[in-house]
Amino acid sequence: MATALQSGVFPAVSHAVNAASTVSDDGMQKILLGVSGGIAAYKTPELVRRLVERGACVQVVMTAAAAAFVTPLSLQSVSGRPVRTALLAPEAEAGMDHIALARWADQVVLAPATAHLIARLAHGLADDLLTTLVLATSAPVTIAPAMNQQMWQHPATMANIAMLTERGCRLLGPASGEQACGEQGPGRMLEPAAIAAALLAPPPAAAGALAGVPVLLTAGPTREAIDAVRYVGNRSSGKMGYALAAALAGAGARVTLVSGPAQLPCPTGVQRVVVESAAEMHDAVMARVADCALFIAAAAVADYRPAQSLPGKLKKHADTLTIQLVRNPDILAEVAARPDKPFTVGFAAETEGLEAAARDKLGRKGLDMIAANEVGAAAGGFEADDNALLVLWPGGRRTLPMMPKPALATALTQLIAERYAASASG
Ligand code: PMT
């Protein structure tokens, strides 16, 4: 007997997707949600609910494996539209065929996107309804991966993600943390609220605002070698800086990203230079700064490094060990002190006295702007998917509240573009 899934459209409401009993999509943001077969699929009714709450019309398309984790009926109930599951199902195709469905969408989001779905998309397969729709649509495609951390970090998955982002797909997540399989690491699907916020964020008003502007940006942590195997480091994941690189590129800037060691794919359209230590980051920046009009320092650069780094592995003979640290060059201050200085934006990571400390850095380092964030609190800052910023410039301030880092990066880019334009005209 054919199951509802095999027949291609979950039949409880209607055979035709655009039948009168479904939610009307007049004037609404039309989102095609592709659900693949991972444990995170149980969160998709919540994602649909949040999108619908914010005024979107959601059409769910499921892979065969997804139905093992969440029922089409649940997703139909929250979306108000029959769920589509199969390619070339006669009843479904009579209502809105797969090409019309691909054209209908304003945006496509794949959540959760399993390693298998990502691999099929990267290689252009069209072996079910969902992959066919992704090939047939001209709408922007967003991928919210969810999988075991080992699978996420496998070179095959990394290569597939790089292929997809280079082709213009947007990546949301994954987040890090405890996984359903009991392991710890990157691979958790972003929470539905964060995905909904990112999908429905206002279009970047800064799009084109930095057209052709050469931007040099630092991001991620640095590692200061103690010996051949150990280093002094910090908790920066690079998420904030990489999101900013993507938003700047989206606003038309020509972005060069000098990145410390971060487990993140290079954003689309961004040129990346990977470094390890503060000294290497300093040299990479100084070699390129003369060619940029805007410099942004989002990296968490180590202020100190071991005075000596041993070529071999340090032996543990004594009960205590003292490592002498010496100051690293302050890259941001050195750029801001140049006679031909670019428009210079710093970050400030503070655990207390955020505004006073950031104002002090703004003045002391001679910056045009500073984006200050609280670190060490329950939300935001290092490693988190969300963040909030207090942005200061001589004579002004703006608060950007807690939101996913990609949305925050878009808002910050808008503000930087405004201040950059004001400085160029004044
Ligand atoms: O990477 P994530 O996990 O997403 O976390 C994001 C973040 C918290 C790292 C980011 O938002 C942030 O705050 N980056 C700056 C961290 C930092 O080093 O702040 P600071 O207050 O110590 O330094 C002030 C500024 O001087 C920063 O712009 C820093 O890049 C720069 N600096 C510092 C020291 C140094 N030797 N050279 C520098 O350029």
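## A loop residue with an unusual backbone angle

Let's start between strand E17 (369-374) and strand E18 (386-393), where the loop holds Glu-383. In this predicted model, Glu-383 has a positive phi of about 70 degrees, even though it is not a glycine.

## Two cis peptide bonds

There are also a couple of cis bonds ahead of prolines to look at. Ala-111 and Pro-112 are joined by a cis peptide bond, with omega at about -5 degrees. You'll find Pro-112 in strand E3, which covers residues 107-113.

Then go to Gly-173 and Pro-174: the peptide bond between them is cis too, with omega near 5 degrees. Pro-174 sits in a loop, with strand E5 (170-171) on one side and strand E6 (175-178) on the other.

## The pocket that holds the ligand

Where does the ligand sit? The space it takes up is the second largest pocket, which offers about 820 Å³. A set of 39 residues lines this pocket, and the ones nearest its centre are Ala-299, Ala-300, Val-301, Phe-347 and Ala-349.

Several elements chip in at least two lining residues each: helix H11 (239-250), strand E13 (294-297), helix H13 (331-336), strand E16 (343-350) and helix H14 (354-364). Sort the lining by class and you get 17 nonpolar, 13 polar and nine charged residues.

## Who surrounds the ligand

Now for the ligand's own shell. It counts 28 residues, and Ser-236, Ser-237, Ala-299, Lys-361 and Asn-373 come nearest to the ligand. By class, the shell is made up of 15 nonpolar, six polar and seven charged residues.

Which atoms pair up with ligand oxygens? From the backbone, an N or O atom of Gly-238 lies 2.7 Å from a ligand oxygen atom, and a backbone N or O atom of Phe-347 lies 2.9 Å from an oxygen atom of the ligand. Asn-373 uses its side chain instead: a polar atom there lies 2.5 Å from a ligand oxygen.

How much of the ligand does the protein bury? Taken alone, the ligand exposes 770 Å², and the protein buries 95% of that. The elements that give two or more residues to the shell around the ligand are H11, H13 and E16. E16 gives the most, with four residues.

Definitions and conventions:
Residues numbered from 1 in each chain as written. Predicted model: local features only at pLDDT ≥ 70, side-chain atom pairs only at ≥ 80, totals over all residues. Heavy atoms only, no water. 1 Å grid on protein atoms, 1.4 Å probe; cavity = no way out; pocket = protein on both sides within 12 Å on 5 of 7 lines; lining within 4 Å. Points joined across faces, edges and corners; volume = space filled by probe spheres on them. Nonpolar A, V, L, I, M, F, W, Y, C, P; charged D, E, K, R; others polar. Near = heavy atom within 4 Å. Polar contact = N/O pair within 3.5 Å; in protein donor to acceptor, adjacent residues only side chain to side chain. Areas by Shrake-Rupley, 256 points an atom, 1.4 Å probe, with all protein chains shown as cover. Sits in = over half its atoms within 2 Å of the grid points.
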